[in-house]
Amino acid sequence: MSKLAVLMYHHISTNESDGLTISVSRLEQQLAYLASRGYKTHHLKDLQGKKKLESKRNVVITFDDVYVSQLKLAYPLLQKYGLKATFFAPLSFIGKKDDWNTSTLEVMTVAQLHSLDSSIVELGFHSFYHKKYHELTFEDIEEDTRLCMRFVSDNNLELSPVVAYPYGK
């Protein structure tokens, strides 16, 4: 497969963009641009095994951490512009706050994850404890994976077999 752009987002704010936070107005500008230029968005699971994409303009849109702001602000924009995205979930924080970061941002609940239209949002793994995998032992990573699989099963969630490593490593 040829090159494929991946856009990564985190928290969405009604205020200004700052660090990993993007303002909803800037996000809308970017999504409107993609839609108006005919970009085709893809779920990662749909790319497995593909050698060539039909469209000349392709992009993958991702959102890490399944913040409630993504549900309230980004999800309606994805619907509005007919775009797909992958939301990566740190499963031990579902329904809690982002204790690995600011401890102030709400993470979606299981019910909120279930409410997402799977034709628009694909869910993926972002670990269980949101720890730096490159600092963990193989055994720790195996345990983290087991906990992820148990959580998904216990909560009847559908996650694609894709992982966004916490902190990109």
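**Figure 1. His130 in the loop between β7 and α4 of the predicted model.** His130 counts as buried, because its relative accessibility is 5% and the cut-off for burial is under 20%. The residue has a phi near 55°, a positive value in a residue other than glycine. The loop that holds His130 runs between β7 and α4, and the helix that follows is shown in Figure 2.

**Figure 2. Helix α4, residues 138-154.** The helix has 17 residues, and its first and last C-alpha atoms lie 24 Å apart, close to the 24 Å expected at 1.5 Å a residue. Asp144, Leu147, Cys148, Phe151 and Val152 are the buried residues of α4. Seen down the helix axis, these buried residues fall within an arc of 135°, so they line one face of α4. The face turned away from the buried side carries the exposed residues Phe138, Glu139, Ser153 and Asp154. Among the elements that cover the buried residues of α4 are α3 (110-115) and β7 (121-125). Just after the helix, Asn156 takes a positive phi of about 50°.

**Figure 3. Leu147 in helix α4.** Leu147 has a relative accessible area of 13% and is buried. Leaving aside neighbours within four places in sequence, the contacts of Leu147 are with Phe128 and Tyr129. For orientation across the model, the C-alpha atoms of Leu147 and Asp46 are separated by 25 Å, with the two residues 101 residues apart along the chain.

**Figure 4. Strand β5 (58-64) and its enclosure.** Seven of the seven residues of β5 are buried, so the strand is largely enclosed by the rest of the structure. Asn58, Val60, Thr62 and Asp64 point one way from β5, and Val59, Ile61 and Phe63 point the other way. Residues on both sides of β5 are buried. In a regular strand the side chains alternate between the two faces of the sheet.

**Figure 5. Strands paired with β5.** Strand β1 (residues 5-9) runs parallel to β5 and is joined to it by five bridges. Within this pair, Tyr9 stands opposite Phe63. Strand β4 (residues 40-41) is also parallel to β5, with two bridges between them, and Lys40 stands opposite Asn58 of β5. Three bridges join β5 to β6, and these strands too run parallel. Thr62 has Thr86 of β6 as its bridge partner.

**Figure 6. The β-α-β unit of β5, α2 and β6, with Val66 in the connecting loop.** The unit formed by β5, α2 and β6 is right-handed. Val66 lies in the loop between β5 and α2. Phi of Val66 is near 40°, a positive value in a residue other than glycine. Val66 has 0% relative accessibility and therefore counts as buried, the cut-off being under 20%.

**Figure 7. The largest nonpolar core.** This core has 41 residues, and those with the most contacts inside it are Leu27, Phe63, Leu78, Phe87, Leu91 and Leu116. At least two residues of the core come from each of α1 (24-36), β5 (58-64), α2 (68-81), β6 (85-89), β7 and α4. Helix α2 gives the most to the core, with six residues. In soluble globular proteins, nonpolar side chains tend to be buried together.

**Figure 8. Surroundings of Phe63.** Phe63 of β5 is buried and points the same way from the strand as Val59 and Ile61. Not counting residues up to four places away in sequence, Phe63 touches Tyr9, His10, Ile12, Leu27, Gln70, Ala74, Leu78, Ala85, Thr86, Phe87 and Phe88. Of these, Tyr9 is also the residue that stands opposite Phe63 in the strand pairing. Leu27, Leu78 and Phe87 are, like Phe63, among the residues with the most contacts inside the largest nonpolar core.

**Figure 9. Thr21 in the loop between β2 (12-13) and β3 (22-23).** Thr21 has a relative accessible area of 19% and is therefore buried, since the cut-off is under 20%. Its contacts, not counting residues up to four places away in sequence, are with His11, Ser13 and Glu16.

Note on methods: Residues are numbered from 1 along each chain as its sequence is written. This is a predicted model: local features need pLDDT of at least 70, side-chain atom pairs count only at pLDDT 80 or more; totals for chains, interfaces and linings use all residues. Side-chain values use heavy atoms; hydrogens and water are left out. Helices (H or I, at least four residues) and strands (E, at least two) are DSSP runs, numbered from the N terminus. The expected span of a helix is 1.5 Å times one less than its number of residues. Buried means under 20% relative accessible area, exposed over 50%, partly exposed in between (1.4 Å probe, protein chains only). The arc is that of the directions from the helix axis to the C-beta atoms. Contact means heavy atoms within 4.5 Å. A nonpolar core is a set of buried Ala, Val, Leu, Ile, Met, Phe, Trp, Tyr and Cys residues joined through side-chain atoms within 4.5 Å. Two strands pair if DSSP finds at least two bridges between them. A crossover is right-handed if, with the strands pointing away from the viewer, the path from the first strand over the helix to the second runs clockwise.
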